Amino acid sequence: MKKFILETSIVIILICVSGFFLYQLDAPSQLANRINTIDSKLEMINLGSSHGNNFDYSNCVLNGERINKEGNTLYYDLQNYIYLNKKKYLSKNAIVIIPVSYYVFGLDENRTDRSPDDSFVNDYYHYLPEEQIFSYSEKKKSSLMIFTIQKNFYNLIESVNIIKKKKSTNLSLKEHANSRVINHKRLAGYSSKQKNIDYLESLIKEIYKNKHLPILVTTPYHSSYNNNFGKKWLDENYFNFIKYLKERYNLSYFDYSHDVRFCFNDNYFYNSDHLNNKGKSVFSSIIFDDIEEVLLSQKIIQ
Amino acid sequence: MFFNSLEFAIFLPTVFLLYWFVFQKNIKLQNSLIVFASYFFYGWWDWRFLSLIMFSTVIDYLVGNKLRTEQQKPKRKMLLWTSIIVNLGFLGFFKYYNFFLENFVDAFSFFGMQINSNSLNIILPVGISFYTFQTLSYTIDVYNKKIEPTKDFIAFSAFVCFFPQLVAGPIERAANLLPQFYKERNFDYQKAFDGMRQILWGFFKKVVIADNCAVFANQIFNNSFDMNGSALVLGAIFFTFQIYGDFSGYSDIAIGTSRLFGFNLKQNFATPYFSRDIAEFWRRWHISLSTWFRDYLYIPLGGSRGGTWIKVRNTFAIFLVSGFWHGANWTFIVWGALNAIYFLPLLLTNNNRKNLGVVAQGRLLPSFSELFAMLTTFMLTVFAWIFFRANNIDHAINYIFSMLSLSIFEMPNNIEIRQTLITIIFVLFFLLIEWVGRNNQYALQVIKSKSTLMQYLIIYVLLLVIMLFMNTGQQEFIYFQF
């Protein structure tokens, strides 16, 4: 009996040590990390998905921070804003940029379309209170450690997988756009549009209520990406909703999606719907100038 | 309480230590602990339904003891029917009430008659089909004088509610399990070690194979209208491994856990996907249920004796009832009927007992004809599982039509290729281990001939694989719903 218990315990201890080793490799999620290290009041933030990465605050006169997350949903844009405001991380009159993607009105809260990888919501378990997490589950929370171990293991494997990395950057903009648009069109019809419009409206109202300034933005896309959607699809699934929100809330809206300064210039794009570092820098200086004009016109700044 | 839950990880060592360190000197105390632990295990899900198990236990215990003294045939028959009506009555009400009601309403409205009916919001008690069949087998065996009725109420209660197999089998016979509660149990290192190994293998099947396949199977079945033919084929294959990994994984954990407490349960699965025909498949799949139906339904109906019509009738009876046992849905009945259709040609040509041994016995690889037979049987099984998994008959038919379209020759659409490939690699690895260990009670038992150090190394690696590749979505066991 003692032998059995001893041997079983040794195996369990060994597996726990292995798990602990992998767990220690954990790099905190970028968004959770950024939020946890905010040390001064933010004058400008941007929410949104990976398109929010297009904002570069390094040369901005305001203290800005990206509060976006890859694949993010409007539900969590709302929750992130509420959280930052509750924590008093935002300055008076802070500018809240809401980048919206073509497919964002079709996403569901926790990105269940990403099955089997249901880890999208994991980041939020790291800092959001449970009442703000959609379909909060204790079981999910308790499994986060395993998730982290698995994620670190995958990262470890991928770090030695050179062939795969090379392949992913070899796609031409056109090829990328072709596959990307199919997926984005699917996402646009995945969940209830009305529900997402409601979330966006709640976000806008919340921002106004706190005397902050919401600005809606569509970031630049490459022409190959835009062309694959077609005008009719974009109007029906995207621009009509934006138009409605803009008029109803008297919103400032900047649409760079078809901006000729970007959409034909391959040098600015990392892939068909994301800018590279050069593109980000150019885009950021343009949008910050445009925002400044809004602030001047509304006499928020002199 | 699920086997794949944190609660069970605390529950099992606690009961194990109490069982061997505190109550080890007294069988009655050990049996009482098993009853208490089993009720706790079941009550963790919903304590209200414990009353059903307790009621069935008392009824069958009393009926059994009455049958001991009663010699008059009509009275013995009445006692037997009391047990059958009580047990099947509970099962019928909780599992089939709404099904029959809805079908009656549909049937009447088909003839233009409208009936007002209110279906009830009935919760299906977990495992009711399993423990009902287990207790029923006791009463029927006592009635047929195959076993002696027990006087030990605690032992009988433990037999009915034994927690490792309470909610999803294997469905034990009193002749096998009940006497084990009378005997003194001493801790046996080899038996416990073997039990742990089987538990581990069961977990691997459940959380790595079944749960990862489940993600794709669910995605594909739930969005079957958006999927092309090849994706639908993949969906059906993933479900085939999901249900096998899920259910046989549960059985392995149940049998392994029982061994930790000194009990031997029946083998419930014997590498069924290596079967060379459907008859062999049914001798290897959910063995405890198949043999139950064989002994208590098929043989009493006349079995395979008699004319062609009797054979056909009995075959359909056993498969349709088996389908209906799984759930109150026409999909299960069609699944049963389909298996009967597969089985009948073998029975009518006396080929149903052709493949009794393990495939490629003593050889590393199967012959070409064996491989062909295995693949054919596997494909027939995959096809039948579509009905088992579909939400309704329409869904199944649409699924099959879309699957058998020209798009079956395209690359699968709307699925994540990388994750799919990883899952396929695991399934192939799993099949390889199953093939190597096909002569054993469970595949991983094949390592028993290795040195202790090597065995522990393999166990460590398997645990690591479980940790790194388990699906943390913690899916329920499919057979809980039956």
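How many helices and strands does chain A have? Chain A has 13 helices and 7 strands, where helices (H or I, at least four residues) and strands (E, at least two) are DSSP runs numbered from the N terminus. Chain B, by comparison, has 17 helices and 0 strands. The structure is a predicted model, in which local features need pLDDT of at least 70 and side-chain atom pairs count only at pLDDT 80 or more, while totals for chains, interfaces and linings use all residues. Residues are numbered from 1 along each chain as its sequence is written, chains are lettered from A and ligands numbered from 1 in the order in which they are written, and side-chain values use heavy atoms, with hydrogens and water left out.

The overall dimensions of chain A were computed from its C-alpha atoms. Along the principal axes, the C-alpha trace of chain A spans about 80 × 45 × 40 Å. The radius of gyration of chain A is 21 Å, which agrees with the value near 19 Å for a compact globule of 302 residues; this radius is taken over C-alpha atoms, and the globule rule is 2.2 Å times the number of residues to the power 0.38. Of the 302 residues in chain A, 51% are buried. Buried means under 20% relative accessible area, exposed means over 50%, and partly exposed lies in between (1.4 Å probe, protein chains only). Among contacts in chain A between residues at least 6 apart in sequence, 76% join residues at least 24 apart, a contact being heavy atoms within 4.5 Å. The accessible surface of chain A is about 15100 Å², and carbon and sulfur atoms account for 54% of it. Accessible areas come from the Shrake-Rupley method with a 1.4 Å probe; for residues, only the protein chains shown count as cover.

The corresponding values were computed for chain B. Its C-alpha atoms fill a box of roughly 70 × 65 × 45 Å along the principal axes. With 482 residues, chain B has a radius of gyration of 23 Å, in agreement with the value near 23 Å for a compact globule. Buried residues make up 58% of the 482 residues of chain B. Of the contacts in chain B with a separation of 6 or more, 78% are between residues 24 or more positions apart. Chain B exposes about 21000 Å², with 67% supplied by carbon and sulfur atoms.

The size of an interface is often given as the accessible area lost when the parts come together. Chain B and chain A bury about 2600 Å² between them, and 72% of this area is on carbon and sulfur atoms. Buried area here is the accessible area (1.4 Å probe) that two parts lose on being put together, summed over both. M467(B), L468(B) and T472(B) supply 24% of the area that chain B buries against chain A, more than any other three residues. The contact involves 30 residues from chain B and 25 residues from chain A.

Several individual residues were then examined. In chain A, N228(A) is part of helix α10 (residues 223-229) and is partly exposed, at 29% relative accessibility. Apart from neighbours within four places in sequence, N228(A) is in contact with A177(A), N178(A), V181(A) and K185(A). With N178(A), the side chain of N228(A) makes a polar contact, side chain to side chain, at 3.2 Å. A polar contact is a pair of N or O atoms within 3.5 Å; within protein, one must be able to donate a hydrogen and the other to accept it, and residues adjacent in sequence count only if both atoms are side-chain atoms. The C-alpha atoms of N228(A) and I182(A) are separated by 8.6 Å, and these residues are 46 apart along the chain.

In chain B, D46(B) lies in helix α2 (residues 27-46). D46(B) counts as buried, at 12% relative accessibility, and its side chain makes a polar contact with the side chain of R48(B) at 2.7 Å.

Two residues that are not glycine have a positive phi: S135(A), at about 55°, and T271(B), at about 40°. S135(A) is in the loop between α4 (122-125) and α5 (138-142) of chain A, and T271(B) is in the loop between α9 (229-260) and α10 (278-284) of chain B. S135(A) is exposed, with a relative accessible area of 53%, whereas T271(B) is buried, at 9%.

A search of the whole structure for disulfides (pairs of cysteine sulfur atoms within 2.5 Å) finds 0 over all chains. Among the cysteines, C16(A) is partly exposed, with a relative accessible area of 47%, and C60(A) is buried, at 14%.
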